[in-house]
Amino acid sequence: MSSALNLSVSSSIQQATKPDWCKPLPRPEYKALERVKNADPWFEVYKVAPNTFAIYEPHQAEEVISYLIVGKRKALLFDTGMGISDIRKVARELTPLPIIVLNSHTHDDHVGGNWQFDTIYSMDTAFTRQNAKGSSVDAQAEIAAGQICGELPKSFDAKSYRTKPWTITKFVHDFESIDLGGRSLEIMATPGHTPDAISLIDHANGLLFTGDTYYPAPIWLYRPETDFAAYESSIERLAALAPQIKLALGAHNIPVASPAVLSKLVAAFAQVRAGNGRCKPEGSTQKLCEAYSITFLLSASPAEVH
């Protein structure tokens, strides 16, 4: 990883060294979505379905997307993003209702704002409990040189940036439903990317929130916690839901996709796992492997990157 951003670097220098990944932004797909005004320039908010809001962080390389799902009595915030700016304030601009936080998984870029909330539901795994203690290692890598597009918020302290600890108020399980009042969400365990990965199904509205199990960018499957067999089972389970779903909503880059992509995801992963994908080195320890226009970022042997 590159060294952390130097706080003394002026915004003009940051703009002069604008990383390649952010030069094509904004992504054209957002033009078809209804943008909702919000006060914090770190975030962009889009209405992707009735009472359903994508909270997008376009100024960091992960391009994380959290979702606020609003019922009549409660709202659920599916992920809390990077923790670089105040996602609680953004959510409060969208609803006055009590908010439950539920994470698609507990990688640092999805739990950064957890500490701001009183009600946090989590999967009951050792991976989750460890991450709830907080960490600085992954967080500092997220603000390394080349990871930020534009300026960090003025109130942000890069030197002290870390994933802050949070308190789990309730453990949840596969098939469990959460009633928001006139709107029910079903939890689906989809391990593979991480042991605690989940997806959410809004059956009544035909919405499937896929977290990092699917998103339209290279899907990270290279970390020690990755489990290929579990991931294969999870994506097959998601693909079986496609006839019931109107939209698949992933956690990075672009919030909406056709459910048809889920069967393509299964086929692509099968090709890559069988060694039939088109692969190229990515850095010194990873490779990008593509099939059917879906790309996976995988670990690579020394022979594969030299």
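**Entry 1: Glu-44 and its surroundings**

I looked up Glu-44 and, leaving aside its neighbours within four places in sequence, I found it in contact (heavy atoms within 4.5 Å) with Arg-35, Asn-38, Ala-54, Ile-55, Tyr-56 and Pro-58. I was working on a predicted model, where local features need pLDDT of at least 70 and side-chain atom pairs count only at pLDDT 80 or more, while totals for chains, interfaces and linings use all residues. Residues are numbered from 1 along each chain as its sequence is written, and side-chain values use heavy atoms, with hydrogens and water left out.

I placed Glu-44 in strand 2 (residues 44-49); helices (H or I, at least four residues) and strands (E, at least two) are DSSP runs, numbered from the N terminus. Glu-44 is buried, with a relative accessible area of 14%, where buried means under 20% relative accessible area, exposed over 50% and partly exposed in between, using a 1.4 Å probe and protein chains only. I noted a polar contact of 2.7 Å between the side chains of Glu-44 and Tyr-46; such a contact is a pair of N or O atoms within 3.5 Å, of which, within protein, one must be able to donate a hydrogen and the other to accept it, and residues adjacent in sequence count only if both atoms are side-chain atoms.

**Entry 2: Val-36**

I then turned to Val-36, which lies in strand 1 (residues 34-36) and is buried at a relative accessible area of 19%. Its C-alpha atom is separated by 5.4 Å from that of Tyr-46, 10 residues apart along the chain. Neighbours within four places in sequence aside, I listed Val-45, Tyr-46, Lys-47, Phe-53 and Leu-94 as the contacts of Val-36.

**Entry 3: Salt bridges**

How many salt bridges does a search of the whole structure find? I recorded 13, each being a side-chain nitrogen of Lys or Arg within 4 Å of a carboxyl oxygen of Asp or Glu.

I began with Glu-44 and Arg-35, whose side chains meet in a salt bridge at 4.0 Å, N to O; Arg-35 counts as partly exposed at 49% relative accessibility, whereas Glu-44 is buried. Next I checked Lys-170 and Glu-176, which form a salt bridge with their closest N and O atoms 3.2 Å apart; here Lys-170 is partly exposed, with a relative accessible area of 35%, and Glu-176 counts as buried at 19% relative accessibility.

I also looked at Glu-290 and Arg-278, whose side chains meet in a salt bridge at 2.3 Å, N to O. This pair links distant parts of the chain, with Glu-290 in strand 16 (residues 286-291) and Arg-278 in strand 15 (residues 278-282), 12 residues apart. Glu-290 counts as buried at 19% relative accessibility, while Arg-278 is exposed with a relative accessible area of 55%. I further noted that salt bridges sharing partners join Asp-138, Arg-223 and Glu-225 into one network.

**Entry 4: Asp-212**

Which side chain of opposite charge is nearest to Asp-212? I found Arg-223, 9.0 Å away, and Asp-212 is buried yet has no salt bridge; in this count Lys and Arg are positive and Asp and Glu negative, with His and the chain ends not counted. Asp-212 sits in the loop between strand 12 (207-211) and strand 13 (219-220), and its side chain makes a polar contact of 3.2 Å with the side chain of His-110. Leaving aside neighbours within four places in sequence, I saw Asp-212 in contact with residues including Ser-104, His-105, His-193 and His-252.

**Entry 5: The largest nonpolar core**

I looked up the largest nonpolar core (buried Ala, Val, Leu, Ile, Met, Phe, Trp, Tyr and Cys residues joined through side-chain atoms within 4.5 Å) and found that, of its 32 residues, Ile-55, Leu-68 and Ile-84 touch the most other members. Strand 3 (52-56), strand 4 (65-70), strand 5 (75-78), helix 2 (87-94) and strand 6 (99-102) each supply at least two residues of this core, and helix 2 gives the most, with 4 residues. Not counting residues up to four places away in sequence, Leu-68 touches, among others, Phe-53, Ile-55, Leu-77, Ala-91 and Ile-99.

**Entry 6: Confidence**

I closed with pLDDT, the predictor's confidence in each residue from 0 to 100: the protein averages 94, and 95% of the residues score at least 70. Over residues 1-16 the pLDDT is below 50, and beyond near neighbours in sequence this stretch has 22 contacts in the model. Where pLDDT is low, the predicted coordinates should not be read in detail.
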